[in-house]
Amino acid sequence: MIDLKTKPFHLKDKHIQYIKTKLNTMSTKEKIGQLFFVIGQDENQVNLDEFIHRYKPGGMMFRPGPASQVKRQIKQIQATSDIPLFFAANLESGGNGLVHEGTWLGNPLQMAATDDTESAYQLGNVAGYEAHQVGGNMAFAPIVDIDYNFRNPIMNTRTFGSDKDRVLKMAQAQIQGLVDNHIIPTIKHYPGDGVDERDQHLLSSINSLSAKDWSKSYGHIYKTLIDEGVPAVMIAHIYQPAWERKLNPAIKDEDLRPASASKLLIDGLLRQELGFNGLAITDASAMVGYNVILPREELLPATINAGIDMILFNKNIDEDYAIITKAVESGIISTERLDEAVTRILATKLAQNLMDEKGEFIDDIPTELNLHSEEHHQIAAKIAKKSVTLVKDRDHLLPISPSKTPRIRLVVLGDSDDGGFKEGGKVTDLFKSGLEKAGFEVTPYQMDFHEMFEEGPEDLKKKFDLAFYVANVETASNQTTTRLDWIHLMAANAPWFAKSIPTVFVSTANPYHLFDVPYLSTFVNAYTGNPESVEAVLRKMLGQEDFEGISPVDPFCGDFTTKL
């Protein structure tokens, strides 16, 4: 039984009566539609009105697009739908998670490196403001995972670090920034990523902590935020075997389930033990880590029956709707369970002011689009100044200067933009132009077979005085490693000459890249490859300002050679 008068809803009698009345008048098809959180539709490929009338979804998640287009589409969909939709985006690093023109403020680990909750607040505030400008009303953020395993390929810069207390206080601040801009926060990825070295996009990964250790870490974070009234939790395709065994000591290994299909982890741990009364949404159901749990025709009903209220994305949308419809008609999903899920969905929309007690959309989308871009980029610059971290400078190569090392070889690893969340030009261009402006002669590295097989350190000294490496190998979904991947032919672009020629290394993406180049003298972590961070790196390496960042993780990875 859902108590709509308590957290996170706090609804009045008139709101509760609306929900009861609405449930009684909704068709089964309308109720099933509310369970689905579909991917954002493109007006150039789909008739939006027809799509909404046909599927009647409860929510929609957008990938970044032009601000004016995103805003127009959201307004059209909200006007068409009988029940207002959640419009979510991955507002993890700024408003660029929803709109192309949005600010790339910085990754969460960069906020943590300032050791100032104001940075995390601004992460929520800037992203929330920009999303609200176009009609966004929900963030799949903050990330409250803990970066326990430096080999984890997906989390590192997406987390607030490895200290649970810092993760909690940063998440609390980010939540406040989102809420101040009418954006519903959704904490993720329950029961917690960052322990396994694998990626739940590619398989069902494992949170292998003991029940006691989980409760003191991840559980403490979730319990605190739940007690503070967080309205929504995203459920991952991640096992937590210890808690399933604690709740059911007789369970067999083959019956363990990732959280997205586990009644023990949702109805048991999340709802009963942690007391979460709010909205539970799966992570993307298109992930391999979800689809390998059970056949999809069994899995979707199992997800709803586990106590989860909404399913994010589809494979084939018509198949998925048919699977749930069949499960409801056959009684696999009971009427009571269907109504419970829809009740939470409607109650969240009422409690979060998406609609009034009559079910009408509360349109507070600003008439004029104003992203306050200049102001927000200034905030990004302040954060970058305070976060860039000097990990080591063994041979005192810093500060660099054109008088000491006028000729620079610039080697950029992983300068790609395939995630759709960046702005401001490629990192190569940003570093090259910045160094040239400072007076250096900069030559980007290009593979040379003669150099590879015949030239030694003295030959290279005739070409450059300083090797400047930048690793922009992003933490991203569907990526099985964030380790450095050199050119496969003889690792030709690796700094094999570092003992003979001064070499500095900057990571704009992964705080653990030192693990792959432990022999280097000088290593800097910037956490984010946005223009503001690149500019801050260069100022600090040129000696124009001090390094202020503190590392929220162990950049030495517990390896003694990285400290030499």
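**Exercise 1. The sheet**

Work out which strands stand at the edges of the open sheet of 6 strands in this predicted model.

*Solution.*
Step 1. Write down the strand order of the open sheet: β11-β16-β15-β14-β12-β13. The pairing is mixed.
Step 2. Look for strands with a single partner. These are β11 (389-393) and β13 (441-444). Each therefore has one side left without a neighbour in the sheet.
Step 3. Add the twist. From one strand to the next, the average is 20°.

**Exercise 2. One strand pair and its covering helix**

Describe how β12 and β14 are joined, then place helix α17 against the sheet.

*Solution.*
Step 1. Take the direction. β12 (residues 407-413) and β14 (residues 466-471) run parallel.
Step 2. Count the bridges between these two strands: 6.
Step 3. Pick one residue. L410 has F468 of β14 as its bridge partner.
Step 4. Bring in the helix. α17 (residues 427-437) lies across β12, β13, β14 and β15 (503-507). Its angle to β12 is about 165°.

**Exercise 3. The faces of α16**

Decide how the buried residues of α16 are arranged around its axis, and find what they pack against.

*Solution.*
Step 1. Check the length. α16 has 15 residues. From first C-alpha to last it reaches 21 Å, close to the 21 Å expected at 1.5 Å a residue.
Step 2. List the buried residues of α16: H376, I379, A380, I383, A384 and S387.
Step 3. Look down the axis of α16. The buried residues fall within an arc of 140°, so they line one face of the helix.
Step 4. Turn to the other side of α16. E374 and K382 are exposed there.
Step 5. Name the packing partners of the buried residues: α5 (108-113), α6 (117-133), β11 and α20 (531-541).
Step 6. Classify S373, which lies in α16 (residues 373-387). Its relative accessibility is 27%. Buried requires under 20% and exposed over 50%, so S373 counts as partly exposed.
Step 7. Set a distance. S373 and A471 are 98 residues apart along the chain, and their C-alpha atoms are separated by 27 Å.

**Exercise 4. The setting of Q34**

Is Q34 buried or exposed, and which side chain does its own side chain meet in a polar contact?

*Solution.*
Step 1. Locate Q34. It sits in helix α2 (residues 28-34).
Step 2. Read the relative accessible area of Q34: 2%. Q34 is therefore buried.
Step 3. Find the polar contact. The Q34 side chain meets the side chain of K349 at 2.9 Å.
Step 4. Widen the view, leaving aside neighbours within four places in sequence. Q34 is in contact with residues including M26, K56, I83, M310 and L346.

Technical notes: Residues are numbered from 1 along each chain as its sequence is written. This is a predicted model: local features need pLDDT of at least 70, side-chain atom pairs count only at pLDDT 80 or more; totals for chains, interfaces and linings use all residues. Side-chain values use heavy atoms; hydrogens and water are left out. Helices (H or I, at least four residues) and strands (E, at least two) are DSSP runs, numbered from the N terminus. Buried means under 20% relative accessible area, exposed over 50%, partly exposed in between (1.4 Å probe, protein chains only). Two strands pair if DSSP finds at least two bridges between them. Axes are lines fitted to C-alpha atoms, for helices over the stretch in contact, and angles run from 0 to 180 degrees between N-to-C directions. Contact means heavy atoms within 4.5 Å. The expected span of a helix is 1.5 Å times one less than its number of residues. The arc is that of the directions from the helix axis to the C-beta atoms. A polar contact is a pair of N or O atoms within 3.5 Å; within protein, one must be able to donate a hydrogen and the other to accept it, and residues adjacent in sequence count only if both atoms are side-chain atoms.
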